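Biologist: I have a model in front of me and would like to know what stands behind the terms used for it. Please take me through them.

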Amino acid sequence: MPNFFTDNADLQFQFDNMDLQEIITLIEDNFSETDVYNYAPADCDDAMDNYRKVLEIAGDIAGNFIALRAAEVDEKGSTFADGKVRYAQGISEALDRLEKAELLGLTLPRKYGGLNFPTTIYTMAIEIISRADASLMNIFGLQDIGETILKYGTDEQRDEFLPKLASGHHTGAMALTEPDAGSDLQAVKLQAYQDDDGNWFLHGVKRFITNGNGDILLVLARSEAGTKDGRGLSMFVCYAGDRLRIRRIENKLGIHGSPTCELHFDNVPAQLVGKRKFGLIKYVMDLMNGARMGVSAQAQGISQAAYEEALKYARAREQFGQPIADIPVVTNMLINMRVMLESNRSLLYATARWVDLRDKLEESIKRLKERKQPFAEEVTRLKEATRIAALLTPMTKYTLTEAANKITYDALQIHGGTGYMKEFNIERHVRDARITNIYEGTSQLQIVAAIGGVINDILKDSFEKKETQNYKGILQKLAGHLAEIREIFLECRKYVTDKNDQYFQDVAARELVEMYSFLFVGYLLLDEAQVNNRKAFIANRYIVNALAHTRKNAESIRNEQYADLLHAGEILI
Amino acid sequence: MVKQVPDTANISGQVMKADGTVNRAKLPAIFNPEDKVALELALQVKDRFGGKVTVITMGPPKATDILRECLYMGADEAALISDRKFAGADTLATSFVLSEAIKKIGKFDLIFSGRQAIDGDTAQVGPQTAEKLQVAQVTYAEEIVSAKGDKITIRRKVDEGYEILEATLPVLITVIKEAGEPRPFKAKRVMAYKNARSLLELEKMADSNSLLSVDRLKEDYLSKALFISTYTLDELNIDPGRCGLAGSPTKVHKVASVKLGGGEHESIEPTKDGLRSLIGKLAADHIFG
């Protein structure tokens, strides 16, 4: 009877040690709903207790229901016939169970049927579900759609769509990508036009749409005829129906339980969401940032599952008269995996808290304005949270999804030839992990999104403050390493900015972003090691490795490793 | 009717004491699996035909745990039947107390219980309760086929298949585990009822804090709809001689601690001759054949 929340000691550690007080106070609007809903919390402790109990339900369903069906879901996959998509049986059953458990509207407000939970808790739920079946996350994790309507829709749209999404009766889809508009969404062509009465219609093709068979779709479309860039795009919401045809579903490497659809919009009636022309520049960026957190948590769940398979196998498998887990090179691989897993989890939930804080401050300021109350303090805090969340979100997605590939790769390696066989779960995890660093923005694009904040050294104050802090025992030495990493980083940053060459900066960006993530995560781990002795092992390996990696990255930059890019034409024959 | 039972499916080394009795402290208490399925079936009947689901359990104050779980799944009300004088009951005394509690609670159309509990495995409490209430009983139910007016059609499992019966309400139904998968806890109900308490739990709270009084607590919990009704011997106003150990003709004669262990063994070659000799021996020992 494994419960994927309670059996995960590190997730428990994160849950027990995180301070959500500020976020809870904001999200509960000073507990104004306590007497309105019998399931609304009375105070912060009560809220935390609610979160724990609800994550226990998610952990139970994940461990005892979803995980048991994952292999078959992967084998059978979604099917497509007569224009209709059918989920794998295990996916339908899991969605039914999650709906009955009321877990499909975690973050939506209570008045629409949701639980009004913070994004941080939702992110934990995504990790838990993904550990059981990564492909189910692609449907479970679409709860962001409701949030977009909540944030930018009209009252009528909220009343119309949110209860349907929160109850789980309707699933959603985000229809953004087109055959010629993937990473570059400015190229979206799908046409949005109005009839004489002002009603909107959508016409065109969308491709690679996760859960495109969903009932409610958010669609990015060109509302301004004749425009060519992102400023001509608006966001729409529409229902599935006869005029929205599914042409085919993709045959993919992994996440087989999640149907990926090609959609043909044949003059589908739709409603405009938010302001015209803000579709890409505001709403999609928002939606995308939410999705990036979701995919990071998905990657974390897959990593957890793969690590467990590897550890279990390495302890059971005997070669040369001993379990292979005791062979130093294998032990070392396992420790590397474990350190990545835990350090990534620290990063994930630290980021989730900044994202939460930003979103909840925005809502709070909106309320304060309506009530004509002062909000200057909140605005200052919001500015900080916005900058930090904008840096940490792509940094997290880059780090966690690349790590998921590395962890699943090593987990399969530990299985040896056995791992290459379909009978074992590990090859599924490898295939499922492979998409995480591609969709919702490739790793390369995450670097582009993060480099601005890194070049501007936006965490400067926080790092400088940390440098003056005293840590106990060995941790002080590690703090010294972090100070050295920071010195090297500042030197490299200067080298890159002095050069004032965009071409060079674009490729050196990865090295700089990595160094910056080492600093951020390194200090998180030091703080954790202050309260938990075991965590000193994690901090130690992470930071020692980070220092080595930083020196390597610095050499790449200073030795002009990338000078040969100018000769690409000659090299690439 | 539900029961909290020791988790006999997950037994660790320290569960048996040296004298062969059960060390309850080492055995986690769980919701008897078939009772949970019975609740699922009751809730399905409510979903399909309407009505109200009240859950009762007889047990120590700790049994309130499973009553809360019933509320999490969707039960409308729950009641704890608990008294020191109910302890040590066999099936006769148990069914007597349960039937009296049911009479006290009021009118009913259907009573659901699991076929049997995983601790005693008697499968007697359901049928005995039906007898005492003088209502029809359908045991080994696996599906509620339909219900209309005062008739209900039930599919029940029999040895080589199933049979479909029609019964006139009120009926007591015992349910087998194949009848359904219990629904998960509902998030909102967990948050709403996690603080629901039975009278005995409130008494304990009051005992540990001199500033609290049971009456005040009860009032407070009632006002928040978090009070789990509790029936004691006095409230049921029944003959103590028919309850608990006093009312139980079944007495434990002797408890033996049986140690299972292998004795002699013999190796058999994986050849035709080897297998033939094995089959011969098994047949000779009447293990099969």
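Biologist: In what order do the four strands of the open sheet in chain B stand, and is the pairing parallel or antiparallel?

Modeller: This is a predicted model. In chain B the order is β3-β4-β11-β10, and the pairing is parallel.

Biologist: Why are β3 and β10 of chain B said to stand at the edges?

Modeller: β3 (54-58) and β10 (197-198) of chain B each have a single partner strand, so one side of each has no neighbour in the sheet.

Biologist: What makes β3(B) and β4 of chain B a pair?

Modeller: Pairing requires at least two bridges between two strands. Five bridges join β3(B) to β4 (residues 77-81) of chain B, so the requirement is met. Within this pair, B:Thr54 is opposite B:Glu77 of β4(B).

Biologist: Which helices lie across these strands?

Modeller: Helix α2 (residues 64-73) of chain B lies across β3, β4, β10 and β11 (227-231) of chain B. Helix α3 (residues 91-105) of chain B lies across β3, β4 and β11 of chain B.

Biologist: How do you know in which direction α2 of chain B runs relative to β4(B)?

Modeller: The angle is taken between N-to-C directions and can go from 0 to 180 degrees. For α2 of chain B against β4(B) it is about 170°, so the value lies towards the upper end of that range. For α3 of chain B against β3(B) the angle is about 145°.

Biologist: What share of chain B is called buried?

Modeller: Of the 289 residues in chain B, 35% are buried. A residue earns that word if 20 or more other C-beta atoms lie within 10 Å of its own.

Biologist: Where does chain A touch chain B, and what makes that a contact?

Modeller: A contact needs C-beta atoms within 7 Å. On that basis 13 residues of chain A are in contact with 10 residues of chain B. On the chain A side, α3 and α4 (89-100) each supply at least two residues, and the largest share, five residues, comes from α3(A). By class, this side of chain A has seven nonpolar, two polar and four charged residues.

Biologist: What kink is there in helix α3 of chain A, and where is its centre?

Modeller: In α3 (residues 44-76) of chain A the kink is about 45° and is centred on A:Ile66. After α3(A) comes A:Gly77, which has a positive phi near 65°.

Biologist: How far apart are domain 1 and domain 2 of chain A?

Modeller: Domain 1 covers 172-277 and domain 2 covers 459-571. Their C-alpha centres lie 41 Å apart.

Conventions
Residues are numbered from 1 along each chain as its sequence is written. Chains are lettered from A and ligands numbered from 1 in the order in which they are written. This is a predicted model: local features need pLDDT of at least 70, side-chain atom pairs count only at pLDDT 80 or more; totals for chains, interfaces and linings use all residues. The bend at a residue is the angle between axes fitted to the seven residues ending there and the seven starting there. Domain bounds come from an automatic or database domain assignment. Two residues are in contact if their C-beta atoms, placed from the backbone, lie within 7 Å. Ala, Val, Leu, Ile, Met, Phe, Trp, Tyr, Cys and Pro count as nonpolar, Asp, Glu, Lys and Arg as charged, and the others, Gly among them, as polar. A residue is buried if 20 or more other C-beta atoms lie within 10 Å of its own, exposed if 12 or fewer, and partly exposed in between; C-beta atoms are placed from the backbone.
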